Amino acid sequence: MLASSVQRSKPTPYPSKARSALIRRAVVVLLVLVALALITISFRSPTAGALHDMQGAGSTALRPFQVAATRVAQPFRDAYDYFSGISSTKAENTRLKREVRELRRDATANRAAAIKAQQYKNLLHLETGRTFPTGYDTVNAGVISFPSGTFAHSVEIDAGSSSGVRLNSPVVSGDGLVGIVSNVEPETAVVTLLTDPSTFVSARDIQTRIRGMVHTGLGGTLILDQVGKQQKVKKGDTLITDGTHNARYPDLYPYGIEIGRVSSVNAMDTATFLQVQVTPFANLGSLDAVGVLVPKKQHR
């Protein structure tokens, strides 16, 4: 019994892969033909035919499923729209910020150009005015380097010896005296400002004809020094350069350049001279354009 052979049933043969593919293709072709036939009948049949009635009934039957599917999908659609809107808003915000930065940069450049143009215009007005020193030409220059610290009192200009700038040439703005050229290169020059402790300018009060020496006082402000207590100087008086009085000892600054205005006058019992403070006409902290005064006749 145990050694006897057991009869097994033959396995059911599976259809081949080629046959299965052929069946699938036949089903697809049949469905396409049926769909084309239904579309053709639908277009050619009257609007009130039985086929249209079947279509309406099918649409009505499927309507609840369509509504349910729409309601289920709506939150996902809203979430997609929300995140898509956030992304679009961020991109738009970035673009607008970039445009604002560009507009602000352009506006700043335009303001700077307008200020510089106004300073050149003031220089031209000074050069053509009646108070401009006789016997001098002007080399106009732009300021390319400003004081680097509290104790720095010089600027660099973009004109040098190749443009006619000379050492110890007076420098003015459209408002008044700025300083003197202290170093010259072929294409640039250094201007020591009126507020530098080493700068001394012979000055005259045009209202009272009183003379003195303008320089920086102990407090860092400009003062008119060497004015006796018996002499009269009033607040609001205008000071100009006094110029040369002896041809053998020419002054560095020609006569008539406006320096500044007297801002205060004080007299101390123990002092020999008046304490006269001066506010310069030139805004030495915001220079963009200056004029270097060069003699028309070069001294040998």
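Visitor: Of the contacts in the chain with a separation of 6 or more, what share comes from residues 24 or more positions apart?

Guide: The model is predicted: local features need pLDDT of at least 70, side-chain atom pairs count only at pLDDT 80 or more, and totals for chains, interfaces and linings use all residues. Residues are numbered from 1 along each chain as its sequence is written, and side-chain values use heavy atoms, leaving out hydrogens and water. A contact means heavy atoms within 4.5 Å. Among contacts in the chain with a separation of 6 or more, residues 24 or more positions apart account for 56%.

Visitor: How many helices and strands does the chain have?

Guide: Helices (H or I, at least four residues) and strands (E, at least two) are DSSP runs, numbered from the N terminus. Along the sequence, the pattern is α-α-β-β-β-β-β-β-β-β-β-β-β-β. The count is therefore 2 helices and 12 strands.

Visitor: What is the strand order of the closed barrel that contains strand 1?

Guide: Two strands pair if DSSP finds at least two bridges between them. Strand 1 (residues 136-145) and strand 2 pair in the antiparallel sense over 2 bridges, and 7 bridges join strand 1 to strand 12 (residues 289-295), also antiparallel. Strand 2 is in turn joined to strand 5 (residues 189-193) by 4 bridges, again antiparallel. The closed barrel of 6 strands, with antiparallel pairing, runs 1-2-5-4-3-12.

Visitor: How much does the twist average from one strand to the next in this barrel?

Guide: Axes are lines fitted to C-alpha atoms, for helices over the stretch in contact, and angles run from 0 to 180 degrees between N-to-C directions. In the barrel 1-2-5-4-3-12, the twist from one strand to the next averages 45 degrees.

Visitor: Which residue of strand 12 is the bridge partner of Asn140?

Guide: Strands of a sheet pair through backbone hydrogen bonds, either parallel or antiparallel. Strand 1 and strand 12 run antiparallel. In strand 12, the bridge partner of Asn140 is Gly291.

Visitor: Which side chains of strand 2 are buried?

Guide: In a regular strand the side chains alternate between the two faces of the sheet. Buried means under 20% relative accessible area, exposed over 50%, and partly exposed in between (1.4 Å probe, protein chains only). Along strand 2 (residues 154-157), Ser154 and Glu156 point to one face and are not buried, whereas the side chains that point to the other face and are buried belong to Val155 and Ile157.

Visitor: Is Ser169 buried or exposed?

Guide: Ser169 lies in the loop between strand 2 and strand 3 (170-172). Leaving aside residues up to four places away in sequence, Ser169 touches Gly179, Ile180, Val181, Val292 and Leu293. Because its relative accessible area is 4%, Ser169 is classed as buried.

Visitor: What accessible area does the nonpolar surface patch that includes Val32 have?

Guide: Patches consist of residues with over 30% relative accessible area and no salt bridge (a side-chain nitrogen of Lys or Arg within 4 Å of a carboxyl oxygen of Asp or Glu), with like charges joined within 9 Å and nonpolar side chains (Val, Leu, Ile, Met, Phe, Trp, Tyr) within 5 Å. Val32 is found in helix 1 (residues 17-44) and is partly exposed, with a relative accessible area of 44%. Accessible areas come from the Shrake-Rupley method with a 1.4 Å probe, and for residues only the protein chains shown count as cover. Together, Val28, Val29, Val32, Leu33, Leu36 and Ile39 have an accessible area of about 540 Å².
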